[in-house]
Amino acid sequence: MGRHRSDPLGIARLALVGLAAVLLLAVIVVGAGALLSTFGSEEPGSGVASTPSPQPSAGSSTGPSTGPSAEPSTPRAPTVRVVCRAERCPVFVRVPGGDVLIDRDLTRGEEASYFQPELDVVLDDASTVQVFENGTVRSPGPAGERQAFSVKRSADQ
């Protein structure tokens, strides 16, 4: 008589390989979704406004106002507003000791506004941007000079 071998783990082994393949596919799908959502949100949403137009629109009301909680007639000025005046303007803005709000090149006419109470700003070439601190224009720096400064929100804002 011949030698016969019974393999009781044959079907279990196939089930384990199938389960591993399904788990691997699930991890890939979740990772790809997270990666795509990261690319979809270019800038953090809290306190940030970035538009390609050099002037903000004045009539941007969200609806009719009712009661005393209505928006004031004059919009509040951002703590810092940076407007690019050159083809490429490297800008870095962060909350001191905290989140980086922007670290990229703006293009001509593009602006970024931030409303946090205190901000650190670094401009690679201070002459390429126009900076507003609490609604007032900051004097531009010399061409090619790097500037780093901090801005605190004014008490009346």
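**Exercise 1. Place Val121 in the structure and list what surrounds it.**

Solution. Val121 is part of strand β6, where helices (H or I, at least four residues) and strands (E, at least two) are DSSP runs numbered from the N terminus. The model is predicted: local features need pLDDT of at least 70, side-chain atom pairs count only at pLDDT 80 or more, and totals for chains, interfaces and linings use all residues. Residues are numbered from 1 along each chain as its sequence is written, and side-chain values use heavy atoms, with hydrogens and water left out.

Step 1. The relative accessibility of Val121 is 1%, so Val121 counts as buried. Buried means under 20% relative accessible area, exposed over 50%, and partly exposed in between (1.4 Å probe, protein chains only).

Step 2. Leaving out residues up to four places away in sequence, Val121 touches Val80, Phe92, Val93, Gln147, Ala148 and Phe149. Contact here means heavy atoms within 4.5 Å.

Step 3. Val93 and Val121 are 28 residues apart along the chain, yet their C-alpha atoms are separated by 4.6 Å.

**Exercise 2. Describe the protein as a whole by its elements, contacts and surface.**

Solution. Step 1. The protein has 1 helix and 9 strands. Read from the N terminus, the order is α-β-β-β-β-β-β-β-β-β.

Step 2. Among contacts with a separation of 6 or more, 64% join residues 24 or more positions apart.

Step 3. The protein has 157 residues, of which 26% are buried. Its accessible surface comes to about 10,900 Å², and 60% of this belongs to carbon and sulfur atoms. Accessible areas come from the Shrake-Rupley method with a 1.4 Å probe; for residues, only the protein chains shown count as cover.

**Exercise 3. Find the residues that touch the most other members of the largest nonpolar core.**

Solution. Step 1. A nonpolar core is a set of buried Ala, Val, Leu, Ile, Met, Phe, Trp, Tyr and Cys residues joined through side-chain atoms within 4.5 Å.

Step 2. The largest such core has 19 residues, and Val91 and Val93 touch the most other members. At least two residues of this core come from each of β2 (80–84), β3 (88–94), β4 (100–107), β5 (111–114), β6 (118–123), β7 (129–133) and β9 (147–152).

Step 3. With residues up to four places away in sequence not counted, Val91 touches Val82, Ile102, Asp103, Arg104, Leu106, Val122, Leu123 and Val129.

**Exercise 4. Count the disulfides and give the handedness of the one between Cys84 and Cys89.**

Solution. Step 1. A disulfide is a pair of cysteine sulfur atoms within 2.5 Å. A search of the whole structure finds 1.

Step 2. In the disulfide of Cys84 and Cys89, the sulfur atoms are 2.1 Å apart. Cys84 and Cys89 are both buried.

Step 3. The torsion about the S-S bond of Cys84 and Cys89 is about 75 degrees, so this disulfide is right-handed.

**Exercise 5. Examine salt bridges of Glu111, Arg88 and Glu133.**

Solution. Step 1. Side chains of opposite charge can pair when their charged atoms come close. A salt bridge is a side-chain nitrogen of Lys or Arg within 4 Å of a carboxyl oxygen of Asp or Glu. The structure holds 6 of them.

Step 2. Glu111 pairs with Arg81 at 3.4 Å, N to O. Glu111 is in strand β5 and Arg81 in strand β2, so the pair ties together parts 30 residues apart in sequence. Both Glu111 and Arg81 are buried.

Step 3. Arg88 pairs with Asp105, their closest N and O atoms being 2.9 Å apart. Arg88 lies in strand β3 and Asp105 in strand β4, so this pair ties together parts 17 residues apart in sequence. Arg88 counts as exposed at 51% relative accessibility, and Asp105 as partly exposed at 35%.

Step 4. Glu133 and Arg138 meet at 2.7 Å, N to O. Arg138 is partly exposed, with a relative accessible area of 26%.

**Exercise 6. Locate Asn134 and state the sign of its phi.**

Solution. Step 1. Asn134 sits in the loop between β7 and β8 (136–138). At 16% relative accessibility, Asn134 counts as buried.

Step 2. Most residues other than glycine have a negative phi. The phi of Asn134 is positive, near 55 degrees.
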